[in-house]
Amino acid sequence: MQYGRNFRGGQSTITQHPNKTMDSVIPQRSRIENLSDKHCVFCCGDAIFAIPATTVREVTIMPTIARVPLSHPSLSGIGNLRSEFLPVIDLEPIVGNQARRKTTIGQLIVIENQLGDWSIAIDKVIAIDGIETHIDATQRNDETTNFMLGTATYQGKVISVLDVHGLQRIAQQTLESQWASSDSPWSVSSPAVSGM
């Protein structure tokens, strides 16, 4: 049996609702409100990371990844997830060797983005949990691209909280600069004009 509160004539009375659950009596918080203080905590290699849960569209088993020829190692490839092609980012070239995945059959964290969803290849998600992020203001600078939002403590361990927008910018800039380089077949250069 659940209870509700009625307001009549300036007085508050408690009433019983035998057929209603507490969820139907108490207004539901939106999904964003429920997730705004939560993070997706995951392991990748020897490291534990977290990203804001509001940026995560879904977590799924790693699909087959098609490599993109002559691309930077930060682009693991393109994954086909239910007929949707997603770029798959590998954290190791960006974050360092501690993020080298231990398994080839891991998981994908699909990140929602207005310009197009993308994904991160990981070993496995540990939890969706509330953590307190300690932001290092000295690392936050508009002129530099940074993949770290800060650090947090989770189950007695210090973990890195990643900035998904920073990760996307780094991956995009790295790929664009490689594809624009003169030794890449993807670069577009104007033909040389020979003198007569």
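# Exercises on a predicted protein model

S71 is situated in the loop that joins β6 (65-66) and β7 (75-81). Helices (H or I, at least four residues) and strands (E, at least two) are DSSP runs, numbered from the N terminus. The model is predicted, so local features need pLDDT of at least 70 and side-chain atom pairs count only at pLDDT 80 or more, while totals for chains, interfaces and linings use all residues. Residues are numbered from 1 along each chain as its sequence is written, and side-chain values use heavy atoms, with hydrogens and water left out.

## Exercise 1: The loop between β6 and β7

Determine whether S71, S74 and L70 are buried or exposed, and describe the surroundings of the two serines.

*Solution.*

Step 1. State the classes: buried means under 20% relative accessible area, exposed over 50%, and partly exposed in between (1.4 Å probe, protein chains only).

Step 2. Apply them to S71: its relative accessibility is 9%, so S71 counts as buried.

Step 3. Look for a polar contact, that is, a pair of N or O atoms within 3.5 Å; within protein, one must be able to donate a hydrogen and the other to accept it, and residues adjacent in sequence count only if both atoms are side-chain atoms. The S71 side chain comes to 2.8 Å from the backbone oxygen of V68.

Step 4. List the contacts (heavy atoms within 4.5 Å). Leaving aside residues up to four places away in sequence, S71 touches L175, Q178 and W179.

Step 5. Turn to S74, which is placed in the loop between β6 and β7. Its relative accessible area is 1%, and therefore S74 is buried. With residues up to four places away in sequence not counted, S74 touches V88, I89, D90, P93, I94 and T174.

Step 6. Consider L70, found in the loop between β6 and β7. A relative accessible area of 52% means that L70 is exposed. L70 is not a glycine, yet its phi is positive, at about 60 degrees.

## Exercise 2: A second loop

Find where Q155 lies and state whether Q155 is buried or exposed.

*Solution.*

Step 1. Locate the residue: Q155 belongs to the loop between β12 (148-154) and β13 (157-162).

Step 2. Classify Q155: because its relative accessibility is 66%, Q155 counts as exposed.

Step 3. Inspect the backbone: the phi of Q155 is near 50 degrees, a positive value in a residue other than glycine.

## Exercise 3: Helix α4

Check the span of α4 against its expected value, and examine the N-terminal end of this helix.

*Solution.*

Step 1. Recall the rule: the expected span of a helix is 1.5 Å times one less than its number of residues.

Step 2. Apply the rule: the 17 residues of α4 should span 24 Å, and the end C-alpha atoms are 24 Å apart, so the two values agree.

Step 3. Find the cap: D163 caps the N-terminal end of α4, with a side-chain oxygen 3.1 Å from the backbone nitrogen of H165.

Step 4. Describe H165, a residue of helix α4. Its relative accessibility of 44% is the reason why H165 counts as partly exposed. The C-alpha atoms of H165 and F147 are 7.7 Å apart, although these residues are separated by 18 residues along the chain.

Step 5. Identify the buried residues of α4: V164, G166, L167, Q168, I170, A171 and L175.

## Exercise 4: The nonpolar core

Describe the largest nonpolar core and the aromatic pair.

*Solution.*

Step 1. Define the term: a nonpolar core is a set of buried Ala, Val, Leu, Ile, Met, Phe, Trp, Tyr and Cys residues joined through side-chain atoms within 4.5 Å.

Step 2. Give the size: the largest such core has 27 residues, and F42, F49, I51, L91 and L162 have the most contacts inside it. At least two residues each come from β3 (38-44), β4 (47-52), α3 (92-95), β9 (107-111), β10 (118-122) and α4 (164-180). The most is given by α4, with five residues.

Step 3. Search for aromatic pairs: rings of Phe, Tyr and Trp (its six-membered ring) pair if their centres lie within 6.5 Å; planes under 30 degrees apart count as stacked, over 60 as edge-to-face and the rest as tilted. The count by this rule is one aromatic pair. F42 and F49 form this tilted pair, 5.8 Å centre to centre with 35 degrees between the planes.

Step 4. Classify both residues: F42 is buried because its relative accessible area is 0%, and F49 is buried because the value there is 1%.
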